[in-house]
Each structure stands twice: as C-alpha cells, then as structure tokens.
Amino acid sequence: MKDANLFQLGIGLETGAQEEDTKSVGYCPAANENTLPRDVFDEDREDHFIRRDGKVYAGTHLILEVVDGFGLDDETRIQTAFREIVDTCGATLLHIHTHKFSPQGVSGVAVLAESHISVHTWPEIGYGAFDVFMCGNAQPWLAVDVLKRAFDTDDVRMKELLRGEGLVTEASAVAAE
C-alpha cells in the first residue's frame with residue numbers, strides 16, 4: 001500500500017523531473033534564493049522562460065471558455081481534446097486524470113512538462129472552463145481551434161495572462177550581477 005500511495009503522489013515516477021530538479025542552469029543553490037541568474041535575458045539560454053516583445057516571463061496562461069459546446073459530459077472526448085491540444089501546441093504530456101460527476105459534469109487535468117491543462121464542465125448549459133498554461137516553445141493559443149472542433153462550437157472565449165510578468169526585468173538581472 002505504501003508504494004501505491006507514493007505513486008499517487010507522483011513520487012518515484014520515471015519522468016526525469018527528479019533529475020532536472022538537481023541540475024541548475026545559471027543558478028547556484030548555495031547562493032541567496034532571491035538571486036536571479038545573470039543571463040536570464042540571453043536568447044540562447046536553455047530554460048523554459050518565454051522571451052517575447054522584450055519581456056521574460058514564466059509562461060502563457062490562457063483562460064478559455066467553451067460556450068454552447070457539445071460533448072462536455074464525455075470523459076473520453078475531454079481526454080481526447082487534451083491529447084490533441086498537447087500535440088497541436090507542441091507540448092509534452094506527462095499524465096491525464098479526469099473525474100465524471102453525477103448527474104453531469106467532468107473535471108480534469110493534463111499535467112505537462114510545460115505546465116498543465118485543466119477543465120471543469122457544466123454540460124447542462126454547454127459550458128466548459130478550460131485553463132491552458134504552457135511555458136517554453138509551446139504555442140497555447142492553438143488550443144482555441146482544437147476546443148472549437150472538439151466541442152462543436154464557434155464560441156471559445158479567451159483571456160491571456162503572462163505568468164511571472166514583471167518579476168524578471170533588465171534591472172533585476174543587472175542587480176544580480
């Protein structure tokens with residue numbers, strides 16, 4: 001039973017995450033935890049920060065609302081949409097978990113190497129609340145057309161958040177030197 005509990009927590013899974021956590025790119029764990037890597041604005045830096053329009057931020061988080069959608073009570077359809085979003089956006093799927101409610105509704109999450117996709121649905125009104133959060137080279141905006149096709153609607157509303165925007169600036173990078 002102990003091993004099953006560890007599996008549920010994700011401990012010991014062979015995803016490579018444990019190895020990544022022990023490596024550093026331009027960061028010294030012995031240094032002050034608030035010290036930023038000196039080369040964070042370097043376009044060739046190997047990390048998953050996004051560098052766009054003179055900004056450096058952790059990831060793009062899309063709040064997507066499927067309106068007048070069909071099939072939002074179907075776990076398999078939602079899992080298929082998650083997989084298609086991952087493939088279309090250029091992300092890496094680690095795990096999917098969904099839960100079907102009674103009498104209706106589905107909640108779920110797809111854990112990605114680049115972050116996550118999540119959903120909660122209200123099929124009785126044709127509504128699905130999706131989050132698509134991705135870092136690195138993934139293209140989360142491509143999820144909009146996937147959701148339109150998957151749930152047979154033209155009404156997918158989007159709000160974009162740049163997660164970590166403003167936390168890393170040229171001034172803070174220079175101060176870390």
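**Exercises: core and aromatic pairs**

In this predicted model, the largest nonpolar core has 28 residues, among which Leu64, Ile117, Phe130, Met134 and Phe151 touch the most other members.

**Exercise 1.** State which elements give two or more residues to this core, and which gives the largest share.

*Solution.* Step 1: the elements are β3 (59-67), α3 (75-89), β5, β6 (115-122), β7 (127-134) and α4 (143-150). Step 2: α3 gives the largest share, six residues. Step 3: for methionine 134, leaving out residues up to four places away in sequence, the contacts include Ile50, Ile85, Cys89, Leu112, Ile117 and Pro140.

**Exercise 2.** Find the aromatic pairs and classify the residues as buried, partly exposed or exposed.

*Solution.* Step 1: the count comes to two pairs. Step 2: tryptophan 122 and tyrosine 127 have ring centres 5.5 Å apart and planes at 40 degrees, a tilted pair. Step 3: tryptophan 122 is partly exposed because its relative accessibility is 34%, and tyrosine 127, at 21%, is also partly exposed. Step 4: phenylalanine 130 and phenylalanine 151 form a tilted pair, at 5.7 Å and 40 degrees. Step 5: phenylalanine 130 belongs to strand β7 and phenylalanine 151 to the loop between α4 and β8 (155-163), 21 residues apart. Step 6: phenylalanine 130 has a relative accessible area of 0%, so this residue is buried; phenylalanine 151, with 0%, is buried too.

**Exercise 3.** Describe how β4 and β5 are joined.

*Solution.* Step 1: strands β4 (residues 93-100) and β5 (residues 106-112) run antiparallel, with seven bridges between them. Step 2: leucine 93 faces leucine 112 of β5. Step 3: five residues separate the two strands of this hairpin, and glycine 105 in the turn has a positive phi of about 110 degrees.

Technical notes:
Residues numbered from 1 in each chain as written. Predicted model: local features only at pLDDT ≥ 70, side-chain atom pairs only at ≥ 80, totals over all residues. Heavy atoms only, no water. Pairing = 2+ DSSP bridges. Helix = DSSP H or I, 4+ residues; strand = E, 2+ residues; numbered from the N terminus. Core = buried A, V, L, I, M, F, W, Y, C linked by side-chain atoms within 4.5 Å. Buried < 20%, exposed > 50% of the residue type's maximum accessible area, 1.4 Å probe, protein only. Contact = heavy atoms within 4.5 Å. Phe/Tyr/Trp six-rings, centres within 6.5 Å; stacked < 30°, edge-to-face > 60°.
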